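User: Could you take a close look at one part of this model for me, the region where the helices pack and the loops that lead into them? I'd like one connected walk-through rather than a list.

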Amino acid sequence: VIGIDKLPCIRSVSLKNNGISETHDKEVIALMSIPKIKSLDLSNNKIGPKLAGQIGKVLRDSSFHFSWIDLT
């Protein structure tokens, strides 16, 4: 997450099947707060109800800049 915001042309991040779980909540939320990222793939991870709720809260409360996000 630290270096991603310094990449000038990044628009899409795919973290499909990376073992992301509830313990990665701060990193996922920080990644979602980078406005130049337009698409985010978090599919095939172990996103539980706590992290899913946090993601939903961020999407509801912040300015929505995503073209698509995959949480399946």
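Analyst: Let's start with a term: a nonpolar core here is a set of buried Ala, Val, Leu, Ile, Met, Phe, Trp, Tyr and Cys residues joined through side-chain atoms within 4.5 Å. Keep in mind that this is a predicted model. The largest such core has 15 residues, and the members touching the most other members are Val28, Leu31, Met32, Ile37 and Leu40. Helix 1, residues 25-32, and helix 2, residues 49-61, each put at least two residues into this core.

Met32 is a good place to zoom in. Setting aside neighbours within four places in sequence, Met32 is in contact with Leu40, Ile55, Val58, Leu59, His65, Phe66 and Ile69.

Now for the helix pair itself. The axes of helix 1 and helix 2 are 10 Å apart, and the two pack at an angle of about 20 degrees. Angles under 35 degrees count as roughly parallel, so helix 1 and helix 2 are roughly parallel to each other. Their crossing is right-handed. On the helix 1 side, the contact is made by Asp25, Val28, Ile29 and Met32, while helix 2 brings Lys50, Leu51, Gln54, Ile55, Val58 and Leu59. Sorted by type, the residues of this contact come out as 7 nonpolar, 1 polar and 2 charged.

Next, the loop between strand 1 and helix 1, where Ile20 sits. Ile20 has a relative accessible area of 8%, and the buried class is anything under 20%, so Ile20 is buried. Not counting residues up to four places away in sequence, Ile20 touches Leu15, Val28, Leu42, Asn45, Lys46, Ile47 and Leu51. Two of those names should ring a bell: Val28 and Leu51 also take part in the contact of helix 1 with helix 2. For a distance in the other direction, Ile20 and Pro8 are 12 residues apart in sequence, yet 25 Å apart in space, C-alpha to C-alpha.

Glu22 is in that loop too, between strand 1 and helix 1. Its relative accessibility is 23%, so Glu22 counts as partly exposed. Leaving out residues up to four places away in sequence, Glu22 touches Lys46, Ile47, Gly48, Pro49, Lys50 and Leu51. The C-alpha atoms of Glu22 and Asn45 are separated by 10.0 Å, with their positions 23 residues apart along the chain.

The backbone has a couple of things worth checking as well. Asn17, another resident of the loop between strand 1 and helix 1, has a positive phi of about 55 degrees although it is not a glycine. Asn17 counts as exposed because its relative accessibility is 58%. Asn44 also has a positive phi, about 60 degrees, and is not a glycine either. Asn44 lies in the loop between strand 2 (39-41) and helix 2, and at 45% relative accessibility it counts as partly exposed.

Finally, back to strand 1, residues 12-14, which includes Ser14. At 51% relative accessibility, Ser14 is classed as exposed, since that class begins over 50%. Ser14 and Ser39 are 25 residues apart along the chain, and their C-alpha atoms are separated by 8.2 Å.

Definitions and conventions: Residues are numbered from 1 along each chain as its sequence is written. This is a predicted model: local features need pLDDT of at least 70, side-chain atom pairs count only at pLDDT 80 or more; totals for chains, interfaces and linings use all residues. Side-chain values use heavy atoms; hydrogens and water are left out. Buried means under 20% relative accessible area, exposed over 50%, partly exposed in between (1.4 Å probe, protein chains only). Helices (H or I, at least four residues) and strands (E, at least two) are DSSP runs, numbered from the N terminus. Contact means heavy atoms within 4.5 Å. Axes are lines fitted to C-alpha atoms, for helices over the stretch in contact, and angles run from 0 to 180 degrees between N-to-C directions. Angles under 35 degrees count as roughly parallel, over 145 as roughly antiparallel, 65 to 115 as roughly perpendicular and the rest as oblique. A crossing is left-handed if the near helix is turned anticlockwise from the far one by less than a right angle, and right-handed if clockwise. Ala, Val, Leu, Ile, Met, Phe, Trp, Tyr, Cys and Pro count as nonpolar, Asp, Glu, Lys and Arg as charged, and the others, Gly among them, as polar.
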